[in-house]
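Take a look at the protein below. We will walk through an open space on it, then some helix pairs, then two unusual loop residues.

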Amino acid sequence: MEIFIQILLLAVGFVMLVKGADWFVDGVSGIAEKFGIPQLVIGLTIVAMGTSAPEAAVSITAALRGNAGITIGNIVGSNILNILIILGITGVITTVAVSVSTLKYETPYLIFITIVLMVMGITGNSISRIEGIILWVLFLIYLGYLFVMAKKGRSEVDEEQKNEGTVRLIIASILGGVLIIWGSSLTVDSASYIAKTFGMSERFIGLTIVALGTSLPELFTSVTAAIKGKADIAIGNIVGSNIFNILFVIGTSSLIIPVVFESKFVIDTIISALAAVLLIISVLKTKSLRRPWGIVMLVGYALYFVYLIC
């Protein structure tokens, strides 16, 4: 009976994470638009961080409870899933344009920090507090780059437009944040219980169930943004989320407690880096993600999942 209750709580936790992220993203991106911040910057920062809030909440909560083993699996699994599944599905549904800066700067930076994470994990079988500080320094460098981008692309917005509906957006942001934190607590507790009951490793649970659950906001946001013609938000959301996941989430978690990096995670991290390389290759010629490459990404994830269960 207890296992069914935990599965129900896991489902409730996912629903809270998804709905919370939905409100949070709508709120903060709406506020950003009122202040004339460019679409790409919104996608790379506010929307990316908002949709990554479940990963952040789950991983940091796990670290606080001494369950840091789930952190790497959650983040690396989410990053693989974000590109291969979410951009794969988005590319199959509609052609998604990719900005030059995403191709030349943000995605290569994602590949670089993924390799940095792998090297850190290999050298000590954990991400230490010192390495957490290094990840945070790299995160601040990234924020500095985004600040320069925002300053260059900022547009003027009149005061009346700024004030209209701002209170509603702030309330949505706060309620969304509360749901995300609460949902993350349910998710960590129930996922850990289910893993132990069925004899599954925290690595497998983190790479699959928790990664999928915490990546649902990215899925809904990217597909919706692409369909609405907001391609910069769709791609920027994924690339920005993956950067945020590694630098902020793992960086912050490792400052709380050293994050375990099992030897098996090396393959997963390499696949995560290769997924980002595939993203660059898929858009290099046409500067857009199209259906054939979307299918390639989905097939790639299917092969990865087969590797996980074998």
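**The largest pocket**

The largest pocket holds about 440 Å³ of space. Keep in mind that this model is predicted. How can such a space be found? Rolling a probe the size of a water molecule over the atoms shows where empty space is left.

Now look at the walls. The largest pocket is lined by 17 residues. Closest to its centre are V25, D26, S29, T224 and K228. Two elements each give two or more residues to this lining: α1 (2-34) and α9 (202-227). Which of them should you find first? Start with α1, since the largest share of the lining, eight residues, comes from α1. The chemistry of the lining is mixed. It divides into eight nonpolar, four polar and five charged residues.

**An oblique pair**

Next, find helix α3 (residues 53-64) and helix α8 (residues 166-197). Their axes come within 9 Å and cross at roughly 55°. That angle makes α3 oblique to α8. The crossing of α3 and α8 is right-handed.

Which residues meet here? From α3 come A53, P54, A57, V58, T61 and A62. They meet I180, S184, S185, T187 and V188 in α8. The residues of this contact divide into seven nonpolar and four polar, with no charged ones.

**Two antiparallel pairs**

Move on to α5 and α11. How do these two helices run relative to each other? Their axes come within 9 Å and cross at roughly 170°. An angle over 145 degrees counts as roughly antiparallel, so α5 is roughly antiparallel to α11.

The list of partners is worth tracing on the model. On α5, the contact is made by L103, T107, P108, L110, I111, T114, M118 and I122. On α11, the partners are V266, T269, I270, S272, A273, A276, V277, L279, I280, V283 and L284. What kinds of residue are these? The contact of α5 with α11 has 15 nonpolar residues, four polar and no charged.

Helix α11 has another partner, helix α12 (residues 291-309). The axes of α11 and α12 are 11 Å apart, and the two helices pack at an angle of about 170°. That makes α11 roughly antiparallel to α12.

Here α11 offers I267, D268, I271, L278, L279, I281 and S282. The residues from α12 are W293, V296, M297, Y304, Y307 and L308. How does this contact divide by residue type? Eleven of its residues are nonpolar, one is polar and one is charged. Note L279 of α11: it appears in the contact with α5 and in the contact with α12.

**Two loop residues**

Finish in the loops. N125 lies between α5 (100-124) and β2 (126-127). Check its backbone: N125 has a positive phi of about 60°, although N125 is not a glycine.

Now go to the loop between α11 (265-284) and β4 (288-289), where K287 sits. K287 is not a glycine, yet K287 has a positive phi of about 60°. Find both residues on the model, and trace the chain back from each: N125 leads to α5, and K287 leads to α11.

Definitions and conventions:
Residues numbered from 1 in each chain as written. Predicted model: local features only at pLDDT ≥ 70, side-chain atom pairs only at ≥ 80, totals over all residues. Heavy atoms only, no water. 1 Å grid on protein atoms, 1.4 Å probe; cavity = no way out; pocket = protein on both sides within 12 Å on 5 of 7 lines; lining within 4 Å. Points joined across faces, edges and corners; volume = space filled by probe spheres on them. Helix = DSSP H or I, 4+ residues; strand = E, 2+ residues; numbered from the N terminus. Nonpolar A, V, L, I, M, F, W, Y, C, P; charged D, E, K, R; others polar. Axes fitted to C-alpha atoms, helices over the stretch in contact; angles between N-to-C directions. Parallel < 35°, antiparallel > 145°, perpendicular 65-115°, else oblique. Left-handed = near helix turned anticlockwise from the far one by under 90°. Contact = heavy atoms within 4.5 Å.
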